[in-house]
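Please look over the predicted model shown here with its sequence. The briefing that follows takes up its nonpolar core, one of its helices, its cysteines and two points of backbone geometry.

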Amino acid sequence: SFFRAPALHFPKTTFLSPIYTPTVSAVHRFVPSRMSGSWKTGLFGAICECPTSCYGWLCPHCLIASTREKFDGSNWCFNCLCLSPCALRNLVREGYGIEGSCCGDVMAVLCCGLCSICQAAVEVESRGPINAGKGAPTGWKGEFTVLWCLLGLCFPQCVVAKAKSDYDNSDFCFNCLCLNPCMMRNMIREGYNIEGGCCSDIFWSWFCPCISASKLVGEVRARGGIRSGGTIQRPTQNQMM
């Protein structure tokens, strides 16, 4: 008839083509999607835990190293030399998803450093390690860029802090003020399970800081930062450009 409705033609690939889903690879470190829960003990209550507090009184840095070693299986000697009480508290709090902030971490350490160390140690003893198992180590995938190398030559701490912030959404100012380049490189390398060791982290951070900073930025851009649920989200094409 004259008022015949027009025929509709759909492309054959509309219902047959597969839906694209971005590739997400697992990472051995669990990062919670939001802060929840609280510390098992109070700041001053942890000092009453006799074995832990006595260990902290005798050698605070040894307790710091032992706590992170139990937390994520990292190297004890490296932690003893490079990890600060403030960095330990922040690492444990964000790793377990405990409510708080970077300012609270700093204030807790300034108020009672030993209490803060013992609180983190008791928390790790109670909750256990966060690693879900590492696969085979992989090589570096990030590209070296001259621009980031020049910025790393002038502002190495800021460039490495930016890489750490892009890696796990941590606070940029806290990373600049409270974490040294060796520790940030170690956290990123072990988080991605990249081949290497603590000695290489120290060497590159101390003797070639600009190259190390550029490699870290390139690595985070190539692999993607940790978002939530213990996964690494692959960067989009726009993010890589």
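In this predicted model, the largest nonpolar core is made up of 47 residues, and the residues with the most contacts inside that core are Phe71, Leu88, Val92, Tyr96, Leu179, Met183 and Ile188. Helix α7 gives the most to this core, contributing seven residues. The points below go on to helix α2, to the cysteines and to two asparagines in loops.

**Helix α2 and its buried face**

- Helix α2 spans residues 50-58, and within this helix Thr52, Ser53 and Gly56 are buried.
- The buried residues of α2 line one face of the helix, because they fall within an arc of 95° when the helix is seen down its axis.
- As a general matter, an α-helix has 3.6 residues a turn, so residues three or four places apart point the same way.
- Cys50, Pro51, Trp57 and Leu58, by contrast, are exposed and lie on the other side of α2.
- The cover over the buried residues of α2 includes α3 (60-72) and α7 (113-127), and α7 is also the helix that gives the most to the largest nonpolar core.

**Disulfides**

- Two disulfides are present in the structure, and when the bonded cysteines of the chain are numbered in sequence order, they pair as 1-2, 3-4.
- One of the disulfides joins cysteine 59 to cysteine 62, with the sulfur atoms 2.4 Å apart; the torsion about this S-S bond is about 60°, so the disulfide is right-handed.
- Of these partners, cysteine 59 counts as partly exposed at 25% relative accessibility, whereas cysteine 62 counts as buried at 15%.
- Cysteine 112 and cysteine 115 also form a disulfide, in which the sulfur atoms are 2.4 Å apart, and this link is right-handed, with 60° about the S-S bond.
- Both cysteine 112 and cysteine 115 are buried.

**Cysteines without a bond**

- Why does cysteine 86 form no bond with the closest cysteine sulfur? That sulfur belongs to cysteine 178 and is 4.0 Å from the sulfur of cysteine 86, which is too far for a bond, given that a disulfide requires sulfur atoms within 2.5 Å.
- Cysteine 86 is buried, with a relative accessible area of 10%.
- Cysteine 198 is likewise in no disulfide, and the nearest cysteine sulfur, which is that of cysteine 199, lies 6.9 Å away.
- With a relative accessible area of 14%, cysteine 198 is buried.

**Asparagines with positive phi**

- Most residues other than glycine have a negative phi, which is the background for the next points.
- Asparagine 169, although a residue other than glycine, has a positive phi near 60°, and it is found in the loop between α9 (156-168) and α10 (172-178).
- Asparagine 193 is not a glycine either, and its phi is positive at about 60°; this asparagine lies in the loop between α11 (181-191) and α12 (198-207).
- Is each of these asparagines buried or exposed? Asparagine 169 has a relative accessible area of 54% and is therefore exposed, since exposed means over 50%, while asparagine 193 has a relative accessible area of 14% and is therefore buried, since buried means under 20%.

Definitions and conventions: Residues numbered from 1 in each chain as written. Predicted model: local features only at pLDDT ≥ 70, side-chain atom pairs only at ≥ 80, totals over all residues. Heavy atoms only, no water. Helix = DSSP H or I, 4+ residues; strand = E, 2+ residues; numbered from the N terminus. Buried < 20%, exposed > 50% of the residue type's maximum accessible area, 1.4 Å probe, protein only. Arc of directions from axis to C-beta. Contact = heavy atoms within 4.5 Å. Core = buried A, V, L, I, M, F, W, Y, C linked by side-chain atoms within 4.5 Å.
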